[in-house]
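Me: I would like to learn how to read this model feature by feature. Where should we start?

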Amino acid sequence: MRQDWIPLNCGENGLGRSYNIASCMPEAVAFQGVSDHSGLYKFSVNESDRFWGAVARQRLSWISPFHTVQNCDFSQGKIKWFEGGKLNVSVNCLDRHVQTCPERVALIWERDEPGTEVKITYRQLLELTCRLGNLLKRQGVRRGDCVTIYMPPCPLAVASMLACARIGAAHNVVFAGFSSEALADRIRDAQSSTVITVNQGVRGGKVVDLKRTVDQAVQNCPSVQQVLVAMRTENTVAMTDRDVPLEEEMMKEDVVCEPVAMDSEDVLFLLYTSGSTGKPKGLVHTQAGYLLYTSLTHRYVFNYHDGDVFGCVADIGWITGHSYIVYGPLCNGGTTVLFESTPVYPNPGRYWEMVERLGINQFYGAPTAIRLLLKYGDEWVQNYNRSSLKTLGSVGEPINTEAWEWYHRVVGDGRCPVVDTWWQTETGGICIAPRPSDPEAEIVPGMAMRPFYGIKPALLDTEVVTGDGVLALCYNQYCPLNCATPLLGFFFTGDGAHRSKEGYYQIVGRLDDVINVSGHRLGTAELEDVVVCTIIIMFGVYVFVVLKKAVMVEEDVLAQQLREMVSRSIAKYACPDFIQVVRCLPKTRSGKIMRRVLRKVVERNTDELGDLSTLDDPDSVHEVISGHRRLC
Ligand code: WTA
C-alpha cells in the first residue's frame, strides 16, 4: 500500500489540513492532496482499487485477506470483489463490537404499543444469534442452504438473519404482510427446507395470524421440512410434527457458535422485489462488497456517529430494512430501531413521539408516509420534542417538493439536512444522495443530488451534459456492488433522471412512468410535484387525485385549478385530460403506487389486472374502477 494512504487516526496532522473534513471523509483513509468531498469522489472513481481496497481493510474484519480488490467484466456478467478474502458477516456485525462494548444497545425493538420498547445489547444479540445458529445446524441446515424468514421486525428476526450468516446459509426474508400464495412462491423459488416465523404478529393494534399463513403456504411447498415458530404473543397456535417451538429449542443450545469462513462472493441473502412490476424476481447479494458498501453509506450518507440512535422505519422484509436496519448499522456498531407499528398508530404523532422517547438522531422513512402525515397537520409533530434529530432521510420514490419542505421545516425545524436517497434492491445500498459532501454544501429540495463514492451515473439517451435520460450506472468498475444487468457495460436502472447544469441528479420516476405527451418527455414525478397525485397515460394525461383530509372542494373547480397549475408550472401540453378524485391509491405494501393497475383501469382492461398479491388494500382497486369516469 502506498504511503499516501494514512489512517485518519493520525489526525489532521497526517492530512496536513487545519479544517475538519471528517464528515465527508471515510475515516479509513485519507489521501494526501485530497482535501474535499469532490476530490475524494474523483479519487474513488479514478483510483477505485486503491479507494475500496483501503476502505475494505480498515472497515471490515477479515479471516483471510483478499488478494484482488476487483475482477469485473460486465460484458461477461462477471463481477467479483475482494477475491481471496474470507470473512464472516455476523462476526463483523457482532463479535468485534462485543469485544469493545458488549453492553452497548444494538437493537431497540419499538413494539406496536408505544412505551413498551425492548433493548437488546450486542452481547445479548450475539448470544441469540449463536443459539439460533446452533439450532439451525441441529435441524440440518448447512452452508449454502437458503432459510426463509417470515417475521415482523423483532430481535429474533435479526438474530435469524445473522445466524444464517454465521453458519454460511443464505436467508430469504419475506415481508410478513404477504399472502400465503406470495410466500409459497418465494419459498418454492428459494427451495427452502426451513422456514422461521412467529405465532402471531401485532401491528396497528391488530393481531395477525402469521403462523396460519405459513401453514397454508407450506402445503404447496414440498421442500419445507421444518417450521421454527417463535412466540410474539401469548396465544397458542396449533403445532404440527413439522413445527419446532423456537425459543424452547433455542434455549437448549450453546451460546457459542463457531463462525464459518465465507468467501467474499458467497451468497449472503436472496430478496424478492416488491412485485410492483409483475412477477417478483429474486435478487442475490453477496458477503463482503455488500457489507462494506452498506456500512460506508450508513456512516456517511446519514452522518452516523458512535452512540447515535438510528431510526429506520422500514420493514426488515425490504432491502431498506436489510441494509439500513440490520447490516449497515450493526456493522458500524450502531444502535438501530426495529419499528413494529404503523405511522398512524395509535395516532399520527407516532413517529415523533417515538423520536422523543428513544432520542432518535437519524430518522429514515418513505415519502408515502410523509405525505400521509402532512395531511394530518403540524400539531402532531409539534407536540413532541425532536431536538435529538440530526439527519432526515427519504427513500423509495421521488419526494415531491411539498413533502420535502414539510419534512425539513416542520419535522426537522429547518435545521436537519434532508437526504433524499436513491437506490434499488438490486444495488443493495444508497447510490445517489445529497451527502456525504462538504458539510455546508447545498441541497436542492426534491433532488437526490450527488453520486456516492465509486458511483458513476450516466444518462443513457442524452446527448448533452445537462439533460434528461434513463439513469444507468457505469459502476461495475468502481464500487463493490454486484448487480448484473449488463447493457453496453452499464447497469440499467429503469429510472428516468434529470441532471442539472450543476451536475445534480433528480429522479423523475420509473421509465415506464416517463410519459410522452406530444413528443415531450414528462416524468410522473414532475407532474406529481405540481398536482400531488398520480398520473397515468394512454393518449393523454390521466390524473388520480388524493385530497388532504381537510380539503373540501367541488370536483370541477378542482379540475380547473389543477389544469391551471400544471400549465403554469410545466406547460400547456402537460395538462391533464382526465381527473379522478379517489380516497386512496392502490399501493404495494412497501408504499409504491401500482401504476400498472391504474394503467389497466384507464385502459378499461380490468380483467387483466395481474398479480395483486403485493397490494396493501384491495378495496382501493375497486374504488378506482368504480369511479373511473371522465371529468374534464
Ligand atoms: C424508486 C428501494 C426516486 C426508483 C430502496 C427505484 C426512488 C425503485 C428513490 C427501487 C428516490 C427509490 N427517489 N425514486 N430517492 N428511491 N426509488 O427496489 O424507481 O424497492 O428504481 O428499493 O424505487 O425500489 P426498491
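Reply: Start with contact: it means heavy atoms within 4.5 Å. Keep in mind that this is a predicted model. Now take two helices, α13 (residues 367-374) and α15 (residues 401-411). I370, R371, L373 and L374 in α13 meet E402, A403, W406 and Y407 in α15. By class, this contact of α13 with α15 has six nonpolar, no polar and two charged residues.

Me: At what angle do α13 and α15 pack, and how far apart are their axes?

Reply: The angle is about 75 degrees, and the axes are 10 Å apart. Angles of 65 to 115 degrees count as roughly perpendicular. So α13 is roughly perpendicular to α15.

Me: Now the whole protein. How many helices and strands does the protein have?

Reply: There are 19 helices and 34 strands. Of the 632 residues, 61% count as buried. Take contacts between residues at least 6 apart in sequence: 68% of them join residues at least 24 apart.

Me: How do I read a sheet?

Reply: Strands of a sheet pair through backbone hydrogen bonds, either parallel or antiparallel. Here, one open sheet of seven strands runs in the order β14-β13-β10-β8-β9-β16-β17, with mixed pairing. β14 (243-245) and β17 (282-286) stand at the edges with a single partner strand each, so one side of each has no neighbour in the sheet. From one strand to the next, the twist averages 25 degrees.

Me: In which sense do β10 and β13 pair?

Reply: They pair in the parallel sense, over five bridges. Strand β10 covers residues 194-198, and β13 covers 226-230. V198 stands opposite A230 in β13.

Me: Which helix lies across β8, β9, β10, β13 and β16?

Reply: That is α6, running at about 150 degrees to β9. Helix α6 (residues 155-167) has 13 residues. From its first C-alpha to its last it reaches 18 Å, close to the 18 Å expected at 1.5 Å a residue. It is mostly covered: 13 of its 13 residues are buried. Just after α6, G168 takes a positive phi of about 85 degrees.

Me: What is the order of the open sheet that holds β7 and β22?

Reply: It is β7-β6-β19-β18-β20-β21-β22, an open sheet of seven strands with mixed pairing. The edge strands are β7 (118-121) and β22 (418-421), and each pairs on one side only. The twist averages 20 degrees from one strand to the next. At the β7 end, four bridges join β6 (residues 105-110) to β7, and the two run antiparallel. L107 has I120 in β7 as its bridge partner.

Me: Which strands does α5 lie across, and which does α11?

Reply: Helix α5 (residues 122-138) lies across β6 and β7, at about 80 degrees to β7. Helix α11 (residues 319-331) lies across β6, β18, β19, β20 and β21, running at about 155 degrees to β19.

Me: How do I read a hairpin?

Reply: Look at the two paired strands, then at the turn. Strands β28 (residues 490-499) and β29 (residues 505-510) pair in the antiparallel sense over five bridges. A497 has I507 in β29 as its bridge partner. The hairpin has five residues between its strands, and G503 in the turn has a positive phi of about 95 degrees.

Me: What backbone values should catch my eye?

Reply: Most residues other than glycine have a negative phi, and most peptide bonds are trans. Two exceptions in phi are worth a look. F82 has phi near 60 degrees, and so does Q191.

Me: Is F82 buried or exposed? And Q191, buried or exposed?

Reply: F82 is buried, with a relative accessible area of 0%; its place is in strand β4 (residues 78-83). Q191 counts as exposed at 57% relative accessibility. Q191 lies in the loop between α7 (180-190) and β10.

Me: Where are cis peptide bonds found?

Reply: One runs from Y345 to P346, with omega near -5 degrees. P346 is in the loop between β19 and α12. Another runs from R435 to P436, with omega near 10 degrees. P436 lies in the loop between β23 (432-433) and β24 (450-451).

Me: Which residues is P348 in contact with, beyond its neighbours within four places in sequence?

Reply: They are P343, L373, Y376 and W380. P348 is in the loop between β19 (335-339) and α12 (350-358). P348 is buried, at 10% relative accessible area. The C-alpha atoms of P348 and V381 are separated by 8.4 Å, though the two are 33 residues apart along the chain.

Note on methods:
Residues are numbered from 1 along each chain as its sequence is written. This is a predicted model: local features need pLDDT of at least 70, side-chain atom pairs count only at pLDDT 80 or more; totals for chains, interfaces and linings use all residues. Side-chain values use heavy atoms; hydrogens and water are left out. The expected span of a helix is 1.5 Å times one less than its number of residues. Buried means under 20% relative accessible area, exposed over 50%, partly exposed in between (1.4 Å probe, protein chains only). Axes are lines fitted to C-alpha atoms, for helices over the stretch in contact, and angles run from 0 to 180 degrees between N-to-C directions. Angles under 35 degrees count as roughly parallel, over 145 as roughly antiparallel, 65 to 115 as roughly perpendicular and the rest as oblique. Ala, Val, Leu, Ile, Met, Phe, Trp, Tyr, Cys and Pro count as nonpolar, Asp, Glu, Lys and Arg as charged, and the others, Gly among them, as polar. Two strands pair if DSSP finds at least two bridges between them.
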